[in-house]
Amino acid sequence: VTVCNCLLNGLLKSNQLDCCWEIYDEMGRIGIFPNTYTFNILTRVLCRDGDANKVNVFLEKMDEEGFDPDVVTYNTLIDSYCRKGRMDDAFYMYKIMYRRGVPPDLVSYTTLMKGLCKGGRVKEAHQLFHRMVNRGFIPDIIAFNSLISGYCRQGKMQESRSLLHEMIQSGILPDGFTCRTLIEGYVNGGRFLYALNLIMELKRWGVLIPPDIYCYLIMALCQENRPNAALSLFRRVSQDGYNPSFEVYSELIGSFCKYDNSLQASLLKDEMVCKGHKPDLVTYRALIACFCRLGKSAEAESLMDNMVDSGLVPDSLICRALINGFCKEGDLDKAESLLTYFAEVFHLYDTESYNSLIQVFCEKGDVTKSFELQDKMLKLGFVPN
RNA sequence: CUUGUCAGGAC
């Protein structure tokens with residue numbers, strides 16, 4: 001039976017609900033008697049199917065076979081209703097439990113609290129928390145985290161903080177979940193300094209900060225267009241032995257590019273390569289566009305050469321950035337040779353780049369050159385629009 | 001071997 005239960009649970013987790021019933025039938029056929037675990041797993045299967053009537057039918061059948069729903073069964077049902085936002089039904093189950101002599105436990109309360117939080121009823125969740133404590137339950141880390149998360153999602157950070165302290169005072173050390181929830185709360189409100197201070201405080205309490213929190217913060221700072229702040233955090237945590245990831249480097253480089261700090265961006269790119277990460281097309285695109293925008297097209301071109309050496313193929317955005325860059329700098333020969341290069345080597349025919357080059361020739365009154373260009377391009381199979 | 005802590009799911 002335990003083997004079957006294990007299998008059923010696996011099927012449930014991989015969302016193969018139909019298979020569950022096949023297994024259940026098969027069990028009957030070969031004479032394996034289901035136990036409470038079996039029924040509880042199947043209850044979950046039905047809950048996920050989303051048919052309330054079927055659940056009731058099944059519970060009756062369970063009853064016929066001599067199994068009374070236990071606290072796990074009820075908690076499963078409560079959770080299912082909570083996830084669907086049907087809080088009335090969830091509380092109804094909670095009342096039924098008492099009536100049937102199955103008293104709710106910590107899990108029941110936590111589940112209900114989470115359901116209330118999800119519907120934005122955090123205040124009521126907190127009241128339920130108090131009621132639970134008054135009934136003699138000792139909240140555990142999950143109970144605290146659920147409520148803290150509810151407050152954080154509403155941006156009620158002062159309440160979250162006071163729960164955090166309540167939690168620590170009751171002898172529970174916050175974990176990675178707690179940390180992550182609170183940090184996300186601050187970041188969503190744009191309060192990065194509070195987030196950083198919280199990390200310091202948690203460290204002082206002896207909480208291990210999960211490394212991906214730093215990653216998250218750095219990326220969030222980048223997306224807020226604060227690459228310098230992101231970089232200084234990055235440097236600080238690198239000293240703690242935190243290994244910078246490909247994603248973090250990419251994000252930092254992109255952010256500095258957007259900030260027109262081409263120097264810092266390219267330093268980071270070199271550092272990234274040294275650490276064994278290969279910048280991708282998006283990163284090169286950002287770098288090249290940034291250099292071109294700042295009138296440093298020659299450097300942009302050598303970046304493109306790096307990129308090609310590393311096995312990446314330039315796209316039309318890169319082509320456009322370079323051609324426009326050289327046009328703006330007045331180096332039309334270079335622009336033209338690049339246009340040829342992209343067409344010949346990469347079969348990249350970017351009409352927009354082509355047009356801007358023609359336009360520059362025409363603006364200079366050099367119509368002859370413009371026609372010569374068209375001849376050359378036609379020979380390469382590059383047709384104007 | 002079964003229930004609770006970001007999300008738990010798409011036009």
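Let's start away from the RNA: Ala230 sits in helix H14 (residues 227-239), where helices are DSSP runs of H or I of at least four residues, numbered from the N terminus. This is a predicted model, in which local features need pLDDT of at least 70, side-chain atom pairs count only at pLDDT 80 or more, and totals for chains, interfaces and linings use all residues. Residues are numbered from 1 along each chain as its sequence is written, chains are lettered from A and ligands numbered from 1 in the order in which they are written, and side-chain values use heavy atoms, with hydrogens and water left out.

**Three buried residues**

Ala230 has a relative accessible area of 0%, so it counts as buried. That term means under 20% relative accessible area, with exposed over 50% and partly exposed in between (1.4 Å probe, protein chains only). Setting aside residues up to four places away in sequence, Ala230 touches Ile218, Leu221, Cys222 and Leu252; a contact here means heavy atoms within 4.5 Å. From Ala230 to Glu251 the C-alpha to C-alpha distance is 9.7 Å, with the two positions 21 residues apart in sequence numbering.

Ser370 belongs to helix H22 (residues 367-379). Its relative accessibility is 3%, which is why it counts as buried. Beyond its neighbours within four places in sequence, Ser370 is in contact with Ile358, Phe361 and Cys362.

Thr73 is part of helix H5, and at 0% relative accessibility Thr73 is buried. Its side chain makes a polar contact of 2.7 Å with that of Asp70. Such a contact is a pair of N or O atoms within 3.5 Å; within protein, one must be able to donate a hydrogen and the other to accept it, and residues adjacent in sequence count only if both atoms are side-chain atoms. Leaving out residues up to four places away in sequence, Thr73 touches Asn40, Thr43, Leu59 and Met62.

**The RNA surface**

Now for RNA strand B. There are 27 residues around the strand, and Asn5, Asn40, Arg83, Lys114 and Arg153 come nearest; a residue is near a strand if one of its heavy atoms lies within 4 Å of it. Of the strand's atoms within 4 Å of the protein, 39% belong to sugar or phosphate and the rest to bases. What does a polar side-chain atom of Arg83 lie 2.4 Å from? The partner is a base oxygen of RNA strand B. Thr111 has a polar side-chain atom 3.3 Å from a sugar or linking oxygen of the strand, and Ser146 has one 3.2 Å from a sugar or linking oxygen. Two or more residues of this surface come from each of helix H1 (2-13), helix H3 (36-49), helix H5 (71-83), helix H7 (106-118) and helix H9 (141-153). H9 gives the largest share, six residues.

**Pockets and a cavity**

On a 1 Å grid over the protein atoms alone, a cavity is a set of points where a 1.4 Å probe fits but cannot get out, and a pocket is an open set with protein on both sides within 12 Å along at least five of seven lines; lining residues have an atom within 4 Å of a point. Grid points are joined across faces, edges and corners, and a volume is the space filled by probe spheres set on the points.

The largest pocket holds about 460 Å³ of space. Its lining has 17 residues, with Arg44, Asn75, Asp79, Arg83 and Thr111 nearest the centre. H3, H5, H7 and H9 each give two or more residues to that lining.

The second largest pocket comes to about 350 Å³. Among its 15 lining residues, Asn56, Leu59, Met93, Ile96 and Arg100 are the closest to the centre. Here the elements giving two or more residues are H4, H5 and helix H6 (87-99).

As for cavities, the count is one of 30 Å³ or more. The largest cavity has about 50 Å³ of space and is lined by Cys47, Ala52, Val55, Leu77, Ser80, Tyr81 and Lys84. Helix H4 (52-64) and H5 each supply at least two of these residues, and H5 has the largest share, three residues.

Here is how the four sets of residues split by class. Ala, Val, Leu, Ile, Met, Phe, Trp, Tyr, Cys and Pro count as nonpolar, Asp, Glu, Lys and Arg as charged, and the others, Gly among them, as polar.

| Set | Residues by class |
|---|---|
| Surface near RNA strand B | nine nonpolar, 11 polar, seven charged residues |
| Lining of the largest pocket | four nonpolar, six polar, seven charged residues |
| Lining of the second largest pocket | nine nonpolar, one polar, five charged residues |
| Lining of the largest cavity | five nonpolar, one polar, one charged residues |
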